[in-house]
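Dear colleague,

I am handing over the structure below, and after it I set out what was found there. Please read the notes with the coordinates open beside you.

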Amino acid sequence: MIRRIFDEGMTRAQCYENLRVLCKDVGHRISGSPSAARAVVWGHQAMKATGADTAFLQPVMVPHWERGSVGLCELLIGGQSRGRLEVLALGGSDGTPDGGIEAPIVEVSRFTQLDTLGKAGLEGKIVFFNRAFPPTTISGFAAYGSCVDQRVDGASKAAAYGAVAVLVRSMTHALDPYPHTGVMHYDEKLPRVPAAAISTLSARKLHDSLAVGKPVRVRLNLSCRNLPDVPSHNVVGELRGTEFPNEYLVVGGHLDSWDIGEGAHDDGAGVVQSMEALRILKAIGYKPRHSIRAVLFMNEENGAKGASEYAAQAKAHNERHLYALESDRGGFVPRGFAVQDTGAFLKAMQELKPLFEPYGMSEIVSGHGGVDIGPLGKDGTRLFGLVPDSQRYFDHHHAQTDVFEAVHKRELELGAAGMAALIYLLDQRKE
Ligand SMILES: [Zn+2]
């Protein structure tokens, strides 16, 4: 059966072509934008084309943040302009006042340094968070996890001591000119100061400038803004279960992306792989015992409202969700699956390893399922995440380089077939 699933997935896959259309015809698609609305229409059509028994839209209100047209940062050394630093506003950041903010720079790598510097060292300054991904940490996600607090909480941590803005080193291993955006949060008890990501090359330039000893200032100008929430949708497709139609298995990814690049790896890949898993099972004539749903979640990047709405609706309609599998770690060559468990269930899943060995996907490890299926997990659903190789993911993550061309056809297809195979095995499982 698993051989049949992979044979179908490696010969008649639709996922790569679907990804091309999503990336090139719809483009990037931040929540609340006109392109996110187009992505919903596209997703609904593409879901129907998988052969799903039903495909429907699930309404959800989502945040609406706009970058605007201005994102500039000028470096000033000893009062002289030394050109531009490459920056991108972080998602959720307020903009700068008209004319921008000009202030001296203070570089830190740890939040504890803020406490040491205190108000005397930080008031009226722009804080530059420059903690790099540790090269000795092998997992890209572990490296990300050890640095992303700067991006998420840096603005409010700095504002607590009177800083007027923050620049955050991009979340990537790569040394390149592309700033990587991503979500940030304000502590509402503190002033909301503007926050931007700075490319790793510009971070190096700024760091080297500070080492010279002359006064270093930057002029930051951001026109981003937060607007009222707007209506949007999750896209759902379903193969009806033959034995337990009101018990569900979910395979999903998120339909929204950041507002740069094309959201190809993050998470166009997960979107098209989830639909492909459904298509494969239908195409080989599989009659599932439980209902199997592919879900394209809206708003993972800056709110996860689609995730919480899906779980709330499942609860409200008494839809028992047994298992959920998410693909949101890029469309790279799949290595296996993360199981969000550390005990007997993980062990039981690890017994499936030999079935995935012929496809290079036998790493079945304890780990995070995914942001979009997280709320289902709180209601008892067993969670899984597709685990691709992580070395190149953060070259593209939330940056203008996350485009269709960065995704490899066979790697994408292998992941989709592996997801279909796991869903099949879970559907057959008798607990
Ligand atoms: Zn993602």
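Tyr 393 has a relative accessibility of 2% in this structure and therefore counts as buried; please keep in mind throughout that the model is predicted. Phe 394 is likewise buried, at 0% relative accessibility. The rings of Tyr 393 and Phe 394 form an edge-to-face pair, because their planes stand at 75 degrees, with 5.0 Å between the centres, and the cut-off for edge-to-face is an angle over 60 degrees. Both residues belong to a cluster linked by ring pairs, whose other members are Phe 133, Phe 141, Tyr 144 and Phe 332.

One member of that cluster also has a charged group over its ring: the charged end of Arg 329 sits over Phe 141, at 5.8 Å from the ring centre. A further arrangement of this kind involves Arg 382, whose charged end lies over the ring of Phe 345, 4.1 Å from the centre.

In total, the structure holds 16 aromatic pairs. Among them is the edge-to-face pair of Tyr 286 and Tyr 424, with 5.3 Å from centre to centre and 75 degrees between the planes. Tyr 286 belongs to the loop between helix H8 (264–283) and strand E12 (290–297), whereas Tyr 424 is part of helix H14 (residues 409–428), so this pair ties together parts of the sequence that are 138 residues apart. Tyr 286 is buried, with a relative accessibility of 11%, and Tyr 424 is buried too, with a relative accessible area of 15%; each value falls into that class because the cut-off for buried is under 20%.

The remaining item is the zinc ion, whose protein donors are His 254 through NE2, Asp 266 through an OD atom, and Asp 328 through OD twice, at 1.9 to 2.7 Å from the ion. The angles among the four donor atoms run from 52 to 150 degrees, and the site is classed as irregular. Along the sequence, the donor residues follow the spacing H-x11-D-x61-D. Asp 266, in helix H8, and Asp 328, in the loop between strand E13 (320–326) and strand E14 (334–339), link distant parts of the chain, 62 residues apart. Both Asp 266 and Asp 328 are buried. When you look at this site, please bear in mind that water is not among the atoms, so the site may look incomplete.

With best regards

How values were computed:
Residues numbered from 1 in each chain as written. Predicted model: local features only at pLDDT ≥ 70, side-chain atom pairs only at ≥ 80, totals over all residues. Heavy atoms only, no water. Phe/Tyr/Trp six-rings, centres within 6.5 Å; stacked < 30°, edge-to-face > 60°. Helix = DSSP H or I, 4+ residues; strand = E, 2+ residues; numbered from the N terminus. Buried < 20%, exposed > 50% of the residue type's maximum accessible area, 1.4 Å probe, protein only. Lys NZ or Arg CZ within 6 Å of the ring centre and 35° of its normal. Donors = N, O, S within 2.8 Å, 3.2 Å for Na, K, Ca; no water. Tetrahedral: all angles 85-135°; square planar, octahedral: opposite > 155°, others 65-115°.
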